[in-house]
Amino acid sequence: MEKTVRETIKEIVFKHLKKKKYKAYGQCLSAVGWVGGTLPELYEKDGMVELSMADVAGGGIVVGAALAGDRPIYVIRYQGFNWFNCPIILNYACKSKEIWKIPCPIFIRGIAMEGGIGPVAGSSHHSLYHRMPGVKIASPMTPKEYKKVYQQFMKDDSVYYVSEHRGSYGNKEEIKDINKKNPDVTFFSISITRFEAIKAAKILRKEKINVNFHNILWLKPFNIKQSWIKSVNNSKISFIFDDDYRDGIASTLAHKLMSKSQKKVIPYGLKDKSAGFSKDRDNLPPSAADIMRLVKKFLKK
Amino acid sequence: MNKNQYLKKTFELAAECRYFELNVFKNVEKKIIKFPVYLSAGQEFISASLSTICKQKKVVPELFPQHRCHSIYISFGGDKKKLVNELLGKNDGCTYGMGGSASIHSKEIKMFGHDGLMGTQGPIGVGSCFVSKKPTIIFLGDASAEEDYVLASLGWASFKKLPILFIVEDNNLSILTEKKTRRHWEMHDVAKGFKMKSYNIDDNPLNFLKISDRFFKEPILVNVNTNRLFWHAGAGIDSPKTFDRYKLILKKNEKSYKKIDDQKKRMIDILWKKQLEKQ
């Protein structure tokens, strides 16, 4: 039977600890829920290390563990906690190979969710990592993608920021690109927005608006495929959707796509405002309906 | 090694550090060294004593220093030529031209480089020791010890009973801001609060020897009251009245140590001269 993303992660963590004898670190790991069911029920003797609640120090301890030869998995329960967790990772681990020729590989599991959980716990915050040299960023939303990212990490000695989303944990399906010859619109989609964007693409197709859809798994390095540029150049308009603020990775990637093509690529992520807890005050990633409205507005339909 | 041999060895290392730093001072003044340097003159007996004790114990510790680290590098056996080259901004320096003065490292002596953010060596050293379980020395200043993540990592090291020696090189100054204007507590008291053994000593080498039996058996913090002879960064003197332990020890033991002092001065001066000639 096919596994969900949740089961896939759990299996990867189990093997990382029990077979490969590395460690996983984080806060409140061995608690009810085992971080959304993605952690096996293991304890410190097995390599599941409970850190204290000191976020900044926790990130530093994991850097030290990586320097000592561990290939730590670091679990950050809400991506917004990276504001405290990532400083030492970004300023030491990411630079270590370049400055001291000492690799410091860490597999950071940053977990996103949103909806009534406020400005810190909500959304993805992968843009925080994006500007630092020496980091690789991926946002896997399917079981195969997750395995691929982990396998690549195990062959590499870089810091990996893995931007997860709880909304994908139940997913068993792979998400295929749509790449037709004469699109009206092209979507590039990151993280959880991929599910809504492909939904929108399918509905729009029924309404005779042809949409090409491209999954963005790797945010950094961002290797632009020739087919993407072709798709952008053949479209009237293109969009890049994200679950982080619009003034972040989405804008940077849109700029890179525009530099290589001759057409506009519009970044569309979270609005430039803080999320409140009530439904009216929240700041959510674009839904299929939002995306369809946006497309029709630009196409003047 | 008896007490006299220990003191002699410590003085030898301190002399190498002192004359190395005096050469750096001179070359900063001449603008041959062009980036910020953090001179450790005045504090050299800390690393010299610890290195001598480690050799005596046949322990090769993992070292996590911070920016004021030339004496640590030299005391623990780092290649001095490579350090000169690093300070001259050459790519064949000990950190390939990337480290300058503040971020030097040496794989050979297990000294990890510092990233420039005060106190990060605290949690990083703790994490490394948690995995390796090897004897580890984390060097902090009285200022970097105040970083919240340093305090948190002390607590975790104590909880996990790691074989770490936390050395606070307490020169009482954060650039020029004195400790009394920043806090009303002491690091050795904080360590005790974390259920860790701690000591408050001055940088007399005998003080390290007295407590060395406990090193690397459990986490220990030693707050060492010391003096920075020169500016926080660069070549300059804050006060000519600053206490200088090196001069005091030399004066007290002139008969036996003057020869060592002369010999080390000559050796280090020649080393610098040769490396500068290769420029």
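How many residues apart are Lys9(B) and Glu12(B) in helix α1 of chain B? The first view answers this; the model shown in every view is predicted.

**View 1. A salt bridge within helix α1 of chain B.** Lys9(B) and Glu12(B) are three residues apart in helix α1 (residues 3-29), so about one helical turn separates them. Their closest N and O atoms are 3.8 Å apart. Lys9(B) is partly exposed, at 30% relative accessibility. Glu12(B) is buried, because its relative accessible area of 18% falls under 20%.

**View 2. The interface of chain A and chain B.** Here 26 residues of chain A contact 26 residues of chain B. About 2,100 Å² is buried between the two chains, and carbon and sulfur atoms give 75% of that area. On the chain A side, Ile61(A), Tyr92(A) and Trp100(A) lose the most area to chain B. Together they make up 26% of what that side buries.

**View 3. Polar and charged pairs across the interface.** The rule finds one salt bridge between chain A and chain B. Glu44(A) and Lys160(B) form this bridge through their side chains, with N and O 2.6 Å apart. Four residue pairs are in polar contact across the interface. On the chain A side, β2 (48-50), α3 (55-67) and α5 (87-100) each give two or more residues. Helix α3(A) gives the most, with eight. The chain A side divides into 16 nonpolar, four polar and six charged residues.

**View 4. A salt bridge between separate parts of chain A.** The side chains of Lys18(A) and Asp46(A) meet at 3.0 Å, N to O. Lys18(A) lies in helix α1 (residues 5-18), and Asp46(A) in the loop between α2 (34-37) and β2, so the pair ties together parts 28 residues apart in sequence. Lys18(A) is partly exposed at 33%. Asp46(A) is buried at 11%.

**View 5. A salt bridge within helix α9 of chain A.** Lys199(A) and Glu196(A) sit three residues apart in helix α9 (residues 193-206), about one turn of the helix. Their closest N and O atoms are 3.0 Å apart. Both are partly exposed: Lys199(A) has a relative accessible area of 42%, and Glu196(A) has 23%.

**View 6. Ser144(B) and its contacts.** Ser144(B) is in the loop between β2 (136-141) and α6 (148-159) of chain B. At 0% relative accessibility, Ser144(B) is buried. Beyond four places away in sequence, Ser144(B) touches Gln66(B), Met118(B), Gly119(B), Gln121(B) and Val150(B).

Key
Residues are numbered from 1 along each chain as its sequence is written. Chains are lettered from A and ligands numbered from 1 in the order in which they are written. This is a predicted model: local features need pLDDT of at least 70, side-chain atom pairs count only at pLDDT 80 or more; totals for chains, interfaces and linings use all residues. Side-chain values use heavy atoms; hydrogens and water are left out. Contact means heavy atoms within 4.5 Å. Buried area is the accessible area (1.4 Å probe) that two parts lose on being put together, summed over both. A salt bridge is a side-chain nitrogen of Lys or Arg within 4 Å of a carboxyl oxygen of Asp or Glu. A polar contact is a pair of N or O atoms within 3.5 Å; within protein, one must be able to donate a hydrogen and the other to accept it, and residues adjacent in sequence count only if both atoms are side-chain atoms. Helices (H or I, at least four residues) and strands (E, at least two) are DSSP runs, numbered from the N terminus. Ala, Val, Leu, Ile, Met, Phe, Trp, Tyr, Cys and Pro count as nonpolar, Asp, Glu, Lys and Arg as charged, and the others, Gly among them, as polar. Buried means under 20% relative accessible area, exposed over 50%, partly exposed in between (1.4 Å probe, protein chains only).
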